[in-house]
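Here is a friendly walk through a protein model, written for someone who would rather be at the bench. Please keep the structure open while you read.

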Amino acid sequence: MKFDLAYCVSLDDKLSIYDVRDLNFDETVDFDSAKEQFQCPNDACRMAFEVSNGLVTFNAKNVNYVRTPHFKNLTTTRHVTGCPYASSKAPASGSETEDGDDGREEHFPSELLLTRREYVRKPAAAETAADVRRDDPVRAEPTGAKPSAGRNTAPDKTSVFAHPVECFVSNFADKDLLKRMPLKIGEHTAPYGSFFKKVEYLLDNKGLIYWGKIKEIKDYTQSLRIDFEQKVWFKQAGEAKKKPYSVNVYLSKKLIDNYRKRKAFLEEIKHAIDSDKELFCFFYGVTPELKQVPSKKSPEQTFGVFSANIENLDHFIVREAPGLA
Ligand SMILES: [Zn+2]
């Protein structure tokens with residue numbers, strides 16, 4: 001049985017595994033999933049047992065995972081009769097045949113929230129609360145306060161980009177499913193299958209999640225440049241026919257240095273530069289546009305390239321994605 005959510009005891013809240021990963025890598029937050037306790041997200045089930053009756057995480061701290069992260073039962077984990085999470089068999093849809101770690105991500109968030117989720121630390125952890133920094137998104141809860149019910153954290157929404165990306169990657173072979181499942185970001189809603197757009201077709205529509213196979217990552221003094229393998233075919237005004245143009249995105253080093261998940265991000269990039277595996281890049285928030293840049297060989301000449309500067313590293317991922325090639 002895989003869990004869409006688990007109850008995190010110290011935060012007194014239900015978290016997806018992607019929330020947990022985000023917290024683990026966030027250097028502004030005091031959180032380590034290896035020291036946290038997670039329980040069945042079914043309230044009745046959780047209340048019925050002591051805290052030690054918990055779940056474990058899979059791929060919660062591995063920056064460069066290939067297999068889908070999730071929560072899972074320990075062999076000793078108990079559930080109350082009738083708990084929907086109790087069965088080790090597939091849910092009614094019967095799509096999952098095995099209780100293995102190799103499964104696909106089955107919980108498709110219907111919306112990617114562009115504002116990061118905030119967490120409220122339980123007041124019981126008094127000593128820890130004193131250490132919490134003022135700009136820490138995991139805030140100490142004022143004594144007596146109740147968790148706010150109206151918070152925008154319905155289980156079908158996420159603020160972690162890796163979650164919809166994992167849905168797309170791990171279900172890539174199931175085109176019908178990706179056509180069926182809707183995704184909303186900002187004002188735009190489209191099925192997963194069309195919200196994710198190959199970079200070579202970026203002229204089709206603006207404001208989507210673009211992705212493509214990485215050709216090369218170049219490390220410059222002030223920035224990194226990701227070159228995509230595929231080209232955009234485009235006809236410029238006054239030209240007779242379409243010509244192929246390279247696509248790239250730039251990441252400024254300043255942006256990386258100020259990133260709350262800097263260490264994990266640098267690990268991701270280092271792995272990508274050293275790796276001999278096929279790697280893919282996913283990004284949201286900017287659409288590469290045609291720019292004229294000076295040629296290296298003869299700087300008086302320019303050539304056209306589709307390029308964009310990444311503005312938010314929370315919406316940028318480089319990863320292995322077997323099956324997408
Ligand atoms: Zn349960």
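## Overall picture

Among the contacts in the protein chain with a separation of 6 or more, 61% are between residues 24 or more positions apart. Here two residues are in contact if their C-beta atoms, placed from the backbone, lie within 7 Å. This is a predicted model, in which local features need pLDDT of at least 70, side-chain atom pairs count only at pLDDT 80 or more, and totals for chains, interfaces and linings use all residues. Residues are numbered from 1 along each chain as its sequence is written.

The pLDDT is the predictor's confidence in each residue, from 0 to 100. Its mean over the protein chain is 87, and 85% of the residues reach 70 or more. Two stretches call for caution: pLDDT stays under 50 over residues 89-99, for which the model has seven contacts beyond four places in sequence. It also stays under 50 over residues 141-154, for which there are eleven such contacts beyond four places in sequence.

The protein chain has eight helices and 20 strands. Helices (H or I, at least four residues) and strands (E, at least two) are DSSP runs, numbered from the N terminus. Of the 325 residues, 30% count as buried. A residue is buried if 20 or more other C-beta atoms lie within 10 Å of its own, exposed if 12 or fewer, and partly exposed in between, with C-beta atoms placed from the backbone.

## The core

Where does the largest nonpolar core lie? The core has 64 residues, and those with the most contacts inside it are A6, Y192, I209, W211, F282 and F283. Domain 1 (1-103 + 118-152) and domain 2 (196-320) both give residues to this core, so it lies between them. The domain bounds come from an automatic or database domain assignment. A nonpolar core is a set of buried Ala, Val, Leu, Ile, Met, Phe, Trp, Tyr and Cys residues joined through C-beta atoms within 7 Å. In soluble globular proteins, nonpolar side chains tend to be buried together.

I209 makes a good place to zoom in. Leaving aside neighbours within four places in sequence, I209 is in contact with F195, F196, K197, F282 and Y284.

## Two enclosed helices

Helix α1 (residues 17-25) has nine of its nine residues buried, so it is largely enclosed by the rest of the structure. What covers its buried residues includes β2, β4, β5, β9, α4 and α8 (262-274). Helix α4 (residues 162-170) likewise has nine of nine residues buried, so it too is largely enclosed by the rest of the structure. The buried residues of α4 include the charged-name positions you may want to find by eye, among them H163 and E166.## A four-stranded sheet

An open sheet of four strands has the order β9-β6-β10-β11, with mixed pairing. Two strands pair if DSSP finds at least two bridges between them. The edge strands are β9 (157-158) and β11 (188-191), each pairing on one side only. Strand β6 (residues 111-112) runs parallel to β9 and is joined to it by two bridges; E111 stands opposite K157 in β9. At the other edge, four bridges join β10 (residues 182-185) to β11 in an antiparallel arrangement, and L183 has A190 as its bridge partner in β11. β10 and β11 form a hairpin with two residues between them, and G186 in the turn has a positive phi of about 60 degrees.

Is T158, in strand β9, buried or exposed? T158 is buried, with 24 other C-beta atoms within 10 Å. Not counting residues up to four places away in sequence, T158 touches S16, Y18, P109, L112, L113 and H163. The C-alpha atoms of T158 and R116 are separated by 8.8 Å, with their positions 42 residues apart along the chain.

## Loop residues

Three loop residues can be set side by side.

| Residue | Loop | C-beta atoms within 10 Å | Exposure |
|---|---|---|---|
| D12 | between β1 (6-8) and β2 (13-15) | 15 | partly exposed |
| N59 | between β4 (55-58) and β5 (70-73) | 17 | partly exposed |
| Y220 | between β13 (209-219) and β14 (223-228) | 10 | exposed |

The backbone of two of these residues deserves a look. D12 has a phi near 50 degrees, a positive value in a residue other than glycine. N59 also has a positive phi, near 60 degrees, and is likewise a residue other than glycine. Y220 and S252 are 32 residues apart in sequence, and their C-alpha atoms are 9.3 Å apart in space.
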